[in-house]
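Me: I'd like to go through this model with you. Can we start with the ligand site and then look at the backbone?

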Amino acid sequence: MPEALSPVSEVTVRRARTGDVRAIRRLIDIYARDRILLDKAMVTLYEDIQEFWVAERDHDARVVACGALHVMWEDLAEVRTLAVDPAVRGAGVGHLVLEKLLQTARWLGVRRIFCLTFEVDFFARHGFAEIGETPVDGDVYSELLRSYDEGVAEFLGLERVKPNTLGNTRMLLHL
Ligand SMILES: CC(=O)SCCNC(=O)CCNC(=O)[C@H](O)C(C)(C)COP(=O)(O)OP(=O)(O)OC[C@H]1O[C@@H](n2cnc3c(N)ncnc32)[C@H](O)[C@@H]1OP(=O)(O)O
């Protein structure tokens, strides 16, 4: 039975803590099953916790959404693992979390934000546009190839991760 939609005014977006990892896990599991989100190992969630923000419902402190910003280069970052609890989708919570990630990018000095998604309309409404090529020059491409991160491999469009990204759209926002 779906819960009533939570108005945005009753949600607080804050940085994630290690104690939120189980709630983030729950949100990822909902969407990773259908390959909408890339699955993440628990150790990766703990390692990356400082990249995450969560939306917490004020009345019961339940985490109802999460999202992460992963910096890849001086002027380039990726929005990752943006997930809203199905019970509160369409109530503006995803918008709030994405805005926080973009605000964080501005603060960091990052001006280009990448995402790989099925939710093209949602990201387009936030200014993202579809791209074809990987938007980095040859030198940066070579440096990024040295990363062990799966998401960076997806950004580069490497053959070995192509099964993860089938049907996704590559999008970029210039802040
Ligand atoms: C890079 C990546 O992480 S890609 C993966 C993206 N995530 C997924 O695909 C996982 C599955 N999807 C989700 O988790 C969510 O549906 C998301 C993240 C895509 C969107 O989050 P939601 O909270 O459902 O979206 P949100 O409610 O903010 O916006 C959708 C629409 O709801 C409507 N809406 C309803 N109530 C409100 C409200 N109170 N305030 C604002 N918008 C509202 C608006 O029409 C809004 O459209 P807009 O974008 O033009 O403003």
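Reply: Below we take the ligand first, then the annotated domain, then two backbone angles. Keep in mind that this is a predicted model.

Me: Fine. Which residues come nearest to the ligand?
Reply: Leu82, Gly90, Gly92, Gly94 and Arg125. They belong to a set of 23 residues around the ligand.

Me: What lies 2.7 Å from a nitrogen atom of the ligand?
Reply: A backbone N or O atom of Leu82.

Me: And the oxygen atoms of the ligand? What does Arg89 place by one of them?
Reply: A polar side-chain atom, at 2.8 Å. Ala91 has a contact to a ligand oxygen as well, through a polar backbone atom at 3.2 Å.

Me: How much of the ligand does the protein bury?
Reply: The protein buries 74% of the 970 Å² that the ligand exposes when taken alone.

Me: Which pocket is that?
Reply: The largest pocket. Its space is the one the ligand takes.

Me: Which helices and strands supply at least two residues each to the shell?
Reply: Two strands and two helices do. The strands are strand 4 (76-84) and strand 5 (112-117). The helices are helix 3 (93-108) and helix 4 (120-125).

Me: Which one gives the most?
Reply: Strand 4, with 6 residues.

Me: What's the make-up of the shell by class?
Reply: Nonpolar residues number 13. Another 6 are polar, and 4 are charged.

Me: Changing topic. What does UniProt list for residues 11-149?
Reply: The record gives "domain: N-acetyltransferase" for that stretch. The entry is unreviewed.

Me: How much helix and strand is there over those residues?
Reply: Residues 11-149 are 34% helix and 28% strand. The C-alpha atoms at the two ends of this stretch are 31 Å apart.

Me: Now the backbone. What is the phi of Arg35?
Reply: About 60 degrees, so positive, in a residue that is not a glycine. Most residues other than glycine have a negative phi, so a positive value goes against the usual sign.

Me: Where is Arg35 found?
Reply: In the loop between helix 1 (21-32) and helix 2 (42-47).

Me: And Thr81, what is its phi near?
Reply: Near 50 degrees, which is positive too, and Thr81 is not a glycine.

Me: Where does Thr81 lie?
Reply: In strand 4. That strand is the one that gives the most to the shell around the ligand.

Methods
Residues are numbered from 1 along each chain as its sequence is written. This is a predicted model: local features need pLDDT of at least 70, side-chain atom pairs count only at pLDDT 80 or more; totals for chains, interfaces and linings use all residues. Side-chain values use heavy atoms; hydrogens and water are left out. A residue is near a molecule or strand if one of its heavy atoms lies within 4 Å of it. A polar contact is a pair of N or O atoms within 3.5 Å; within protein, one must be able to donate a hydrogen and the other to accept it, and residues adjacent in sequence count only if both atoms are side-chain atoms. Accessible areas come from the Shrake-Rupley method with a 1.4 Å probe; for residues, only the protein chains shown count as cover. On a 1 Å grid over the protein atoms alone, a cavity is a set of points where a 1.4 Å probe fits but cannot get out, and a pocket is an open set with protein on both sides within 12 Å along at least five of seven lines; lining residues have an atom within 4 Å of a point. A molecule sits in a cavity or pocket if more than half of its atoms lie within 2 Å of its grid points. Helices (H or I, at least four residues) and strands (E, at least two) are DSSP runs, numbered from the N terminus. Ala, Val, Leu, Ile, Met, Phe, Trp, Tyr, Cys and Pro count as nonpolar, Asp, Glu, Lys and Arg as charged, and the others, Gly among them, as polar. UniProt positions are given in the numbering used here, feature names are shortened, and annotations may be inferred rather than shown by experiment.
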